Amino acid sequence: MIRCKNLHVTFNTGLPTEKCALKGIDLEIAESQFVTVIGSNGAGKSTLLNSIAGDVNITQGQLFFAHKEVTHWSAAIRTKDVARVFQDPLMGTCSDLTVEENMSLAYGRGKRGNLSPALNASLRKVFQEQLSRLNLGLEDRLQSEMGLLSGGQRQSVSLLMSALQPSKILLLDEHTAALDPKTAVLIMDITAQIIEEKKLTVMMVTHSMRQALDFGSRTLMLHEGEIIFDIQNEERSQYDVSDLLKLFAKAKNDGETLADDKLLLDS
Amino acid sequence: MSLFAFMGTLEIGLIYGLIAIGVYLTFRVLDFPDLTVDGSFTLGAAVTAAAIVSGIPAVFATMMGVLAGTLSGLVTAWLNLRFNILHLLASILTMTALYTVNLRVMGKPNIALISEPTIFSPFEKLGMGIPNIYVNVLIIGLIVFIVGLLVIGFLNSQYGLAMRAVGSNKRMAQANGIVVHEKVYVGLAMSNALVALGGALFAQTNGFADSTMGVGTIVIGLAAVIIGQTLIPSRAMIVIILSCIMGSILYRIAVSLALNASFIGLNTSDLNLITAVLVALALVFPQVNKEYKAKKAAWKKV
């Protein structure tokens with residue numbers, strides 16, 4: 001479903017601050033595969049997701065969705081196939097707009113907006129049905145401003161919004177990292193439900209080793225813009241959190257990672 | 001204030017209602033502070049006046065003025081989007097350039113339209129003894145009403161909602177397949193078209209176009225938007241657009257009251273100070289009101 005061929009992304013080309021964020025990623029993700037992506041800060045995880053979504057320009061290499069080459073497609077066109085949920089709950093929704101207006105925007109994802117009314121009774125019913133799945137009582141708050149909702153509520157709505165339109169690829173960029181543990185579990189449950197239901201191809205960036213192994217069927221580790229580790233299915237089931245942490249330490253190649261590892265183990 | 005003076009105030013208030021709607025579209029919907037309006041207001045007036053003087057029927061002349069305004073909005077958007085010039089600066093550049101353009105269009109600093117046919121002339125002839133000012137207010141009211149309805153419908157549409165999303169959260173808009181640049185172009189074009197329409201109508205009701213008539217348009221537009229939204233706060237588009245128009249009329253009434261109250265001793269040249277004070281008051285009021293309420297609630301607890 002997603003195929004990256006020798007993908008390079010360089011920021012500030014030609015400047016002293018030049019940074020190679022991705023150095024030749026070769027990756028093939030099958031349809032409805034759920035891939036978790038781990039790696040330390042600055043490893044290029046978010047850049048990989050952004051380059052697939054089209055937010056970051058690909059410097060070199062090719063990107064395919066199924067058999068279509070999309071390397072030079074704009075982010076807006078790619079949204080026909082790609083839905084995403086951001087780490088920051090404030091990022092995935094518009095705080096100035098109401099819940100129903102936000103959902104209406106997501107409902108029109110990948111279509112050209114026309115001049116017909118953005119909201120009507122039948123749409124509101126669809127939104128209410130969807131919101132009631134969350135059990136957060138949001139179905140009665142369609143007209144509330146998004147900014148009045150809590151972070152967890154906003155992230156839940158973002159997640160629902162990403163599934164309102166049929167898409168093939170779902171990109172999750174540490175979408176539970178900013179939430180309290182209880183809400184994070186709730187969000188992950190809904191995520192798993194939606195993925196199962198819609199048979200989506202998923203890439204999920206996470207800092208939690210537990211999550212990385214518990215969800216999906218394949219795990220990638222990125223380090224300094226390269227995939228250094230790729231396990232799936234049976235092979236993966238033999239790994240546990242401590243194995244991943246050892247790999248982390250090996251990648252970093254120094255002893256100072258201990259404090260980091262503790263953090264990772266806790267989450 | 002005499003009835004006659006009141007109608008004059010209403011007329012100009014309604015015309016600047018169009019500008020208020022335009023300013024609302026850029027400042028509030030797109031979050032794009034656009035100072036182009038100081039130039040595009042004059043541009044609308046200048047193009048319309050020059051066209052009328054050269055014998056073009058007033059309706060077409062007005063349309064030409066509106067089109068010119070649209071183009072000036074597109075120039076600002078282009079400078080900002082294509083070359084990453086800060087929005088405020090891009091609009092100041094366009095505004096500055098338009099000053100020269102306006103002089104070129106008119107060929108002289110001002111054009112008199114007193115004896116020329118305007119879009120109001122046919123109705124004034126039909127008016128049968130009713131003073132022209134009433135006829136003008138009626139026609140302008142009708143134009144503002146239609147424009148207001150169109151803008152409300154637009155902002156409530158899928159396209160309009162996408163534009164509001166662009167102003168609120170660009171990244172989210174893009175992640176939902178909205179082409180951000182296109183929305184900014186369309187928004188600035190619409191806003192400056194409305195402002196130029198205001199300029200065209202102003203020139204025709206007041207009987208002149210002048211190269212300096214646009215100075216301070218942005219502040220008056222902002223004043224109208226802020227006064228309107230302070231007095232009638234709402235989320236509904238219909239109320240918001242209505243409050244822009246009401247804000248504009250109230251602003252004009254406040255100004256003419258201030259100027260007419262002889263005991264204060266203000267005269268016409270004090271207009272800018274009055275505007276600044278009114279806008280400051282409208283901005284301060286919600287803040288003070290909030291603090292007052294919070295204090296009152298705290299007192300109750302004690």
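**A strand hairpin in chain A and the helices of chain B**

In this predicted model, strand 9 and strand 10 of chain A form a hairpin with two residues between them, and A:Glu224 in the turn has a positive phi of about 45 degrees. The two strands of the hairpin pair in the antiparallel sense over six bridges, with strand 10 covering residues 226-232 of chain A, and A:His223 of the pairing stands opposite A:Glu226 in strand 10. Strand 9 of chain A also runs parallel to strand 3 (residues 34-38) of chain A, to which four bridges join it; here A:Thr36 stands opposite A:Thr219. Because five of the six residues of strand 9 (residues 218-223) of chain A are buried, this strand is largely enclosed by the rest of the structure.

For chain B, an unreviewed UniProt entry lists several spans as "transmembrane region", among them residues 83-101, 184-203 and 215-232. Residues 83-101 of chain B are 84% helix and 0% strand, with end C-alpha atoms 22 Å apart, whereas residues 184-203 of chain B are 100% helix and 0% strand, with end C-alpha atoms 28 Å apart.

Helix 10 of chain B comprises the 15 residues 217-231, which at 1.5 Å a residue should span 21 Å, and its end C-alpha atoms are 21 Å apart, in agreement with that expectation. Since 11 of its 15 residues are buried, helix 10 of chain B is largely enclosed by the rest of the structure; the buried residues include B:Thr217, B:Gly221 and B:Gly228. The buried residues of helix 10 pack against helix 1 (3-30), helix 2 (37-53), helix 9 (180-206), helix 11 (237-260) and helix 12 (271-301) of chain B.

Key. Residues numbered from 1 in each chain as written. Chains lettered and ligands numbered in written order. Predicted model: local features only at pLDDT ≥ 70, side-chain atom pairs only at ≥ 80, totals over all residues. UniProt positions renumbered as here; feature names shortened; annotations may be inferred. Expected span 1.5 Å × (residues − 1). Buried ≥ 20, exposed ≤ 12 C-beta atoms within 10 Å, placed from the backbone. Contact = placed C-beta atoms within 7 Å. Pairing = 2+ DSSP bridges.
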